[in-house]
Amino acid sequence: DEARARPGAAQEDARGFKRAPAPRTPYEEVERVMAALKDGSMAMYSRQELCNVLGITLSAATVPDKLRQHYRKLALMLHPDKNDHESSKDAFTAVQQAFEQLALLLHKQS
């Protein structure tokens, strides 16, 4: 089954209940972030595209504490001092910019 083979995908146990997705390695996270990026300014990204860069759902992005918690965890994983991937600095910067844009959108809503 493709969902079982993909890191980060929700998996089912023997009884058919969904389990939390398997955590990705720092290398896989850099690859995922870089794949989610497109040309152009981060300010031109839609809310869904910003969520894709951060690896969260739209509903999680509307809860400030969840957004902040996920960002901090991801930033620690992608920080160039802790991650040896050649694109870790670019991925870290992209995640930082995506978080700032989503936080700004949340602030404007309230």
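Buried here means under 20% relative accessible area. In this predicted model, I56 comes in at 13%, so the residue counts as buried. I56 sits in the loop that runs between helix 3 (47-54) and helix 4 (64-78). Setting aside neighbours within four places in sequence, the contacts of I56 are C51, A61, L67 and H70. As for K66, which lies 10 residues away from I56 along the chain, the two C-alpha atoms are 9.5 Å apart.

The loop between helix 4 and helix 5 holds another buried case, N83. With a relative accessible area of 6%, N83 falls under the 20% cut-off and is therefore buried. Its side chain picks up two backbone oxygens: that of P26 at 3.4 Å and that of M77 at 3.3 Å. Both P26 and M77 also turn up among the contacts of N83 beyond four places in sequence, along with Y27, V30, L78 and S88.

S88 leads on to helix 5, which covers residues 88-109. From first C-alpha to last, this 22-residue helix reaches 32 Å, close to the 32 Å expected at 1.5 Å a residue. Its buried residues are S88, A91, F92, A94, V95, A98, F99, L102 and L106. Looking down the axis of helix 5, these fall within an arc of 160°, so they line one face of the helix. The cover over that buried set includes helix 2 (26-36), helix 3 and helix 4. Over on the other side of helix 5, K89, H107 and K108 are exposed.

Conventions:
Residues are numbered from 1 along each chain as its sequence is written. This is a predicted model: local features need pLDDT of at least 70, side-chain atom pairs count only at pLDDT 80 or more; totals for chains, interfaces and linings use all residues. Side-chain values use heavy atoms; hydrogens and water are left out. Helices (H or I, at least four residues) and strands (E, at least two) are DSSP runs, numbered from the N terminus. Buried means under 20% relative accessible area, exposed over 50%, partly exposed in between (1.4 Å probe, protein chains only). Contact means heavy atoms within 4.5 Å. The expected span of a helix is 1.5 Å times one less than its number of residues. The arc is that of the directions from the helix axis to the C-beta atoms. A polar contact is a pair of N or O atoms within 3.5 Å; within protein, one must be able to donate a hydrogen and the other to accept it, and residues adjacent in sequence count only if both atoms are side-chain atoms.
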